[in-house]
Structures are given as structure tokens and as C-alpha cells.
Amino acid sequence: MSTVKSDFLHELQTRGYIHQCTDEAALDNLARSEVITGYIGFDCTAPSLHVGNLVSIMLLRKLQQTGHKPIVLIGGATTKVGDPSGKDETRKLLTEEQIDANIGGIESVFSKFLAFGDGETDARLVNNTDWLEALNYVDFLRDYGRHFSVNRMLSQDSVKLRLEREQNLSFIEFNYMVLQAYDFVELYRREGCRLQMGGSDQWGNIVTGIELGRRTESAELFGLTTPLLTTASGAKMGKTAAGAIWLNPDMLSPYDYWQYWRNAEDADVPRFLKLFTELPLPELDKLAALEGAEMNEAKKILATEATALVHGRDAADRAAETARTTFEQGQIAESLPSIDVPRGELEAGVGVLNASMLAGFVTSTGEARRHIKGGGIKVNDTPVTDARRVLTLSDLTDDGVIKLSLGKKRHALIRPV
């Protein structure tokens with residue numbers, strides 16, 4: 001039974017987004033009486049965000065949909081430091097050029113989920129480089145460093161776990177929570193931002209920012225985190241054996257993205273439908289009640305709706321149709337992911353082990369060999385029995401492609417160019 005009254009918290013609560021909230025009753029009252037400005041920070045460690053970031057993106061979307069103002073904070077400066085939360089080792093430091101390139105790839109995702117502009121509830125995109133790069137470090141330590149207890153910082157999970165495992169924690173990483181706390185205070189000053197959201201691993205950092213705002217600005221700030229998302233089998237969201245499930249289409253095709261959701265475990269489907277689609281809750285309850293073979297229909301709906309949010313409805317429908325054509329009719333669908341191979345290389349022969357790696361099915365030839373041994377890799381729907389099998393021009397179908405498959409659900413077309 002929902003105990004909150006604001007549209008914002010009610011939507012989050014009923015769909016399972018809330019793990020912790022600093023003062024839920026006060027935040028609920030605030031959300032009913034005024035427009036709340038809230039933010040989530042995203043560091044720029046890769047040229048795309050991935051499925052593991054999707055809950056945070058959806059939080060900002062829900063904030064805007066219920067009449068409030070979201071801020072996307074790009075961590076152009078904090079990326080240079082590295083967030084130790086959930087990490088066993090020091091993050092590789094990136095160059096200015098790499099960070100700028102990554103920012104370009106990341107920013108494109110948010111326009112699909114949020115409406116940007118100058119209106120009261122329009123989203124804003126800001127970069128903490130704007131204020132962190134200009135800090136005079138000695139003055140900063142004098143004015144703000146005195147508000148941080150080293151004893152308490154050492155008790156934070158992000159620090160404590162690294163120390164317990166005897167993994168190196170650099171001094172620059174140790175400063176991360178100080179900078180994140182300062183980001184919150186700076187956004188309060190600049191944008192009137194009173195809410196920071198994020199994953200459960202950010203709880204300590206968020207609370208530190210709230211306390212800094214109270215001490216330096218006498219501000220009442222709030223924090224809200226989402227549960228740590230893992231699959232029913234315990235795997236981390238957004239990661240698969242073949243790599244990360246990226247949100248940018250140039251790093252993962254809409255079809256492969258659709259397949260990721262289609263392959264969800266049965267036990268995950270009800271929760272994923274609530275978090276990653278915008279179907280009405282009564283409809284979701286009906287889908288969650290399906291069992292056995294009927295659950296496959298719920299998975300297709302999950303895949304199509306989740307893909308539509310990231311890649312658009314047309315791309316989602318095309319991915320669903322490609323899957324139907326490939327799996328239900330046994331045809332080669334032209335919109336399957338394709339790999340261009342120089343014709344000369346195919347004339348000489350391309351090993352099926354290497355082809356499986358090119359297709360992203362496996363990360364090593366040893367893994368490909370294990371799949372072949374189990375009958376999992378097919379060429380033109382015929383199981384490969386010999387790991388030395390070589391693909392040549394003679395394997396081209398009448399459509400001028402070679403269909404390479406791993407199991408029943410992963411396919412790619414090899415095209416000579």
C-alpha cells in the first residue's frame with residue numbers, strides 16, 4: 001500500500017524504483033507544493049552509457065513526467081578523479097580528448113528520454129567542469145575540507161571495501177566524495193537543486209553532500225537511491241559474456257538490444273516491465289501473471305517497449321519483426337546484425353572461431369570451441385562440428401550472405417565486400 005501522496009514518489013514507489021530516501025515525508029510534501037529540481041551525475045568513462053545506467057535515466061524521466069525539473073550532471077571534471085564506489089582497483093585515467101569524445105556520445109542518449117529547454121520543468125544538462133576546474137585548491141580545502149571527517153570517510157563502503165580487500169585506493173579517488181558533495185552544493189546555489197538521486201552505491205556520497213549543504217548553506221537537501229539491480233541469477237545489469245549492453249546504436253544495434261531484453265530470465269520479467277517500460281500497471285500485472293510458453297509473449301513486449309524508449313518505436317518494431325522472421329519463419333532477415341568481410345579474406349577462408357568473435361558471440365576462441373563442442377554454433381542453420389571449420393565464398397546463400405548463429409537467439413550475417 002503506497003503511503004506517499006505526491007505523483008512523483010507514488011510513481012517511483014509503485015514501480016519499484018526506491019531503495020532509500022533521506023526524509024521521504026518531507027520530500028513527499030515538497031513534491032506536492034512546488035517544482036523540485038533534482039539531479040543525477042554521470043561520469044564519462046566510455047563513449048556510451050549502458051543498461052546499468054538506465055534506471056538512473058528513467059528516474060530523471062519520471063521526475064520530469066510528474067511535473068518537476070531534471071538536471072543531467074556530466075562529470076567532465078570528476079571523471080578525471082574516478083569514483084571508487086563498487087570498484088576493486090583504480091580506474092584508468094583518461095585524457096582530455098577521450099573525455100570530450102565520451103561526453104559527445106553520452107549526451108545524445110538523454111534527448112530520447114527528456115525534454116530540454118528553458119521552461120520551468122525543462123531538463124538542463126550541465127558539466128561540473130564549469131566549477132571544479134576553477135577551484136583554488138588551497139582555498140577549497142580551507143573553506144570546505146574542514147566539514148569532512150576522515151574517520152567517517154574511511155567508514156564509507158566505497159572506501160572501506162577497498163581497504164578490507166587490501167586494494168590500492170589512491171588519494172585522488174579518496175577525494176571523489178568531497179567533489180561530489182561540492183557538486184550538490186554548487187547545483188543548489190546555481191539551479192536551486194534540492195534532490196540528488198542515484199544507485200544504492202552512491203548513498204554515502206549523497207548523504208555527505210546533504211550534510212555539506214546544511215553546514216555551508218543551511219539548506220534542506222534530499223537524497224534518493226534505487227536498488228542495486230541484478231538479474232535473477234545474480235548477474236550485474238548491463239553486462240553479458242559478450243560485453244556491455246550499450247545504449248548508443250553505433251555500439252550495439254537496436255536488434256541486439258531487443259534480443260538482450262527478449263532473453264531476460266522469467267523471474268526478472270515482472271520487475272523489468274515496471275522499471276523499463278511505461279505500460280500501465282494493470283496491464284503489467286496481467287503480463288506478470290503469464291506462465292510457461294505464454295511468458296515468451298511478455299518478454300517480446302518487454303523487449304519492444306524497452307527498445308522503443310532507447311531507439312525509437314520504428315527501430316523497436318523492426319527488431320521485433322526481424323526476430324519473428326528469423327525464429328518463427330526460419331528465414332534470413334536482412335535487418336540482422338551484419339559483419340562486412342573483405343571478399344579476398346573469404347576467398348582465402350575465415351575460421352569460424354574468429355568469425356564468432358567478430359560477431360560478438362564470444363570473447364575468445366576457447367569460448368567458441370566450447371560452444372562448438374556443445375553444438376551451439378551454426379553456419380546457415382547447420383551445426384558446426386569441427387572447430388577448424390573455415391567459412392569461404394562457397395558458404396554464401398542465395399541472398400549473398402553467410403548466416404552465423406549461436407544458439408537459437410543470436411544471429412549475424414557475414415557479407416563479402
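## Five strands, one open sheet

In which sense do strand β11 and strand β14 pair, and over how many bridges? In this predicted model, β11 (residues 377–379) and β14 (residues 402–406) are joined in the antiparallel sense, and three bridges link them. If you would like one position to look at, take Val379: its bridge partner in β14 is Leu404.

The two strands belong to an open sheet of five, ordered β9-β15-β14-β11-β12, and the pairing in this sheet is mixed. At its edges stand β9 (338–341) and β12 (382–383); each has a single partner strand, so one side of each lacks a neighbour in the sheet.

## Six strands and a helix on the sheet

There is also an open sheet of six strands, again with mixed pairing, and here the order reads β1-β6-β5-β2-β3-β4. The edge positions go to β1 (20–21) and β4 (124–127); because each pairs with a single strand, one side of each is left without a neighbour in the sheet.

Within this sheet, β5 (residues 195–199) and β6 (residues 222–226) run in the parallel sense, paired over five bridges. Gln196 has Gly223 in β6 as its bridge partner. Helix α11 (residues 203–217) packs on the sheet and touches β1, β5 and β6. The direction of α11 makes about 170° with that of β6.

## A helix pair: α13 and α15

Two packed helices are described by the angle between their axes and the distance between the axes. For helix α13 (residues 269–276) and helix α15 (residues 295–311), the axes come within 10 Å and cross at roughly 25°. An angle under 35 degrees counts as roughly parallel, so α13 is roughly parallel to α15. The crossing of these two helices is left-handed.

Which residues make the contact? From α13 come Val269, Phe272, Leu273 and Phe276, and they meet Met295, Ala298, Lys299, Leu302, Ala306 and Leu309 of α15. By class, the contact of α13 with α15 holds nine nonpolar residues, no polar ones and one charged residue.

## Salt bridges

Side chains of opposite charge can pair when their charged atoms come close. The structure holds 17 salt bridges. One of them links Arg189 with Glu186, whose closest N and O atoms are 3.4 Å apart.

Where do Arg189 and Glu186 sit relative to one another along the chain? Both lie in helix α10 (residues 176–191), and because they are three residues apart there, about one helical turn separates them.

Conventions: Residues are numbered from 1 along each chain as its sequence is written. This is a predicted model: local features need pLDDT of at least 70, side-chain atom pairs count only at pLDDT 80 or more; totals for chains, interfaces and linings use all residues. Side-chain values use heavy atoms; hydrogens and water are left out. Two strands pair if DSSP finds at least two bridges between them. Helices (H or I, at least four residues) and strands (E, at least two) are DSSP runs, numbered from the N terminus. Axes are lines fitted to C-alpha atoms, for helices over the stretch in contact, and angles run from 0 to 180 degrees between N-to-C directions. Angles under 35 degrees count as roughly parallel, over 145 as roughly antiparallel, 65 to 115 as roughly perpendicular and the rest as oblique. A crossing is left-handed if the near helix is turned anticlockwise from the far one by less than a right angle, and right-handed if clockwise. Contact means heavy atoms within 4.5 Å. Ala, Val, Leu, Ile, Met, Phe, Trp, Tyr, Cys and Pro count as nonpolar, Asp, Glu, Lys and Arg as charged, and the others, Gly among them, as polar. A salt bridge is a side-chain nitrogen of Lys or Arg within 4 Å of a carboxyl oxygen of Asp or Glu.
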